[in-house]
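Biologist: I have the sequence and the 3D view open. Please take me through them one question at a time.

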Amino acid sequence: MHQQAQLRLKKDEVEKLGALVFVVLAMDLHRTRMFKEENLLLGGGKGKFGKEKSIVYATALSDPAGYASALYGVARKCLRWGAWVENQPHWFVIDRKGKITFKLEPKFDTPTAYEKDVDLVLEELKKAAR
Amino acid sequence: MHGMIIALAGLFLLPCAGLSQPTSPIERYRKLEFPPKDENFAKGWQERVALEYEIINTADLKALRLALKDEDPFVRAITARALSILGDKDSADALAELVKADKEYLVRIRAVESLGYLKMKPQVIQMAIEDRDLGVSWVAKLAADQLKSDTDYAKQLREAYATPIQREAMGTAKVGQPAPDFTAQTSDGKAFKLSTIVGKKPIAIYFAAYDG
């Protein structure tokens, strides 16, 4: 969710590049809609995204059977740290020729690691836009 | 002589050994080499995905209803999900019991989610909102919303699972290779197909966990 919130802060840069951004959820349409439209996880908190109603700028895609997730190798369907996890989060960048040029597995190793992750994705989008 | 006896015994025993192999997808899920426990997070996911598809598409309702009482909580959880996706309203009472009494939170989550897909047992869903586990409470709130909706979420899921994914296709997205095509639905319900937009603009795709 932080990755999406951070991307939203950079939407001007994404638009300048003429890029398209998507977030895929291995969940039903209702959950995908809630993810897109409601700030359920960060809303109400004291963090910088706490007062936002919706923090997802990317087009949210429902992949309820996890087909795309399996194709891209990110499906897990497993417990992790005691909670059920459908997907291990990953970024992919695709260039104008339709080739994957970049893959990133966020590590969530610091509270603000997502900022660097999104900057890396933007750098790769710039290259992919050429 | 001894050798001959052993060889003959082998001839009789081999087919029996073959018969003892688990054959139903539920049985194979129960015997997964890497069951969905924390320590297997990065291992064996392909088999978990493949079996989930197989359990749903085989649609063996009789076996699934029995498996709701399985000793293995992972089996109870996937069974609850499968029965609701298959639209099995006859399992609603058993699912409600799991919501109320199963000691494993993952099973209660799947069971309450399933009641939402089946659009049944609103009182049980309401009760689950007060569950001691925050995850169950969260999913129960979503299920309560789904009860009010006209959308047939179970049917949407059934349709999504109807296209099986080949094992050799799993994990084929690689840097330097063409992006594999897939279909999905946008959050406002429109059909999406990656290949219709690939090649026109640079694209970034984030595969998210709900909280990641």
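Biologist: Do strand 5 of chain A and strand 3 of chain B run parallel or antiparallel?

Modeller: Strands here are DSSP runs of E with at least two residues, and helices are runs of H or I with at least four, both numbered from the N terminus. Two strands pair if DSSP finds at least two bridges between them, and A:His90 stands opposite B:Phe207 in strand 3 of chain B. Five bridges join strand 5 (residues 90-94) of chain A to strand 3 of chain B, and the two run antiparallel.

Biologist: What kind of model is this?

Modeller: Residues are numbered from 1 along each chain as its sequence is written, while chains are lettered from A and ligands numbered from 1 in the order in which they are written. Local features need pLDDT of at least 70, side-chain atom pairs count only at pLDDT 80 or more, and totals for chains, interfaces and linings use all residues, as this is a predicted model.

Biologist: How many bridges join strand 1 of chain A to strand 3 of chain B?

Modeller: A:Val23 has B:Tyr206 as its bridge partner, and A:Val24 has B:Phe207. Strand 1 (residues 20-25) of chain A runs parallel to strand 3 of chain B, and the number of bridges joining them is six.

Biologist: Which residues point the other way from B:Ile203, B:Ile205 and B:Phe207 in strand 3 of chain B?

Modeller: In a regular strand the side chains alternate between the two faces of the sheet. Six of the six residues of strand 3 of chain B are buried; that word means 20 or more other C-beta atoms within 10 Å of a residue's own, with 12 or fewer for exposed, partly exposed in between, and C-beta atoms placed from the backbone. Pointing the other way are B:Ala204, B:Tyr206 and B:Ala208.

Biologist: Which residues is B:Ala204 in contact with, leaving aside its neighbours within four places in sequence?

Modeller: Contact means that the C-beta atoms of two residues, placed from the backbone, lie within 7 Å. Leaving those neighbours aside, B:Ala204 is in contact with A:Ala19, A:Val21, A:Trp91, A:Val93, A:Val121 and A:Leu125.

Biologist: Which helix gives the most to the largest nonpolar core?

Modeller: A nonpolar core is a set of buried Ala, Val, Leu, Ile, Met, Phe, Trp, Tyr and Cys residues joined through C-beta atoms within 7 Å. Of the 97 residues in the largest one, A:Val23, A:Val24, B:Val112, B:Leu115 and B:Ala204 touch the most other members. With nine residues, the helix that gives the most to this core is helix 7 (residues 105-118) of chain B.

Biologist: Which element gives the most to the side of chain B that touches chain A?

Modeller: 58 residues of chain B are in contact with 72 residues of chain A. Helix 3, helix 7, helix 9 (134-148), helix 10, strand 1 (183-186) and strand 3 (203-208) of chain B each supply at least two residues of that side of chain B. The element that gives the most, with six residues, is strand 3 of chain B.

Biologist: Why is helix 1 of chain A described as largely enclosed?

Modeller: The buried residues of helix 1 are A:His2, A:Gln3, A:Gln4, A:Ala5, A:Gln6 and A:Leu7. What covers them includes strand 1 and helix 5 (113-129) of chain A together with strand 3 of chain B. Helix 1 (residues 2-9) is largely enclosed by the rest of the structure because the buried residues number six of the eight.

Biologist: How wide an arc do the buried residues of helix 3 of chain B cover?

Modeller: In helix 3 (residues 45-58), the buried residues are B:Trp45, B:Arg48, B:Val49, B:Glu52, B:Tyr53, B:Ile55 and B:Ile56. They sit on the same side of the helix, because the arc they cover around the axis is only 160°. The arc is that of the directions from the helix axis to the C-beta atoms. What these residues pack against includes helix 4 (67-71) and strand 3 (75-80) of chain A, and the arc itself is 160°.

Biologist: Does B:Gln46 count as buried or partly exposed?

Modeller: B:Gln46 is placed in helix 3 of chain B. Leaving aside its neighbours within four places in sequence, B:Gln46 is in contact with B:Arg167 and B:Met170. With 18 C-beta neighbours inside 10 Å, B:Gln46 counts as partly exposed.

Key. Expected span 1.5 Å × (residues − 1).
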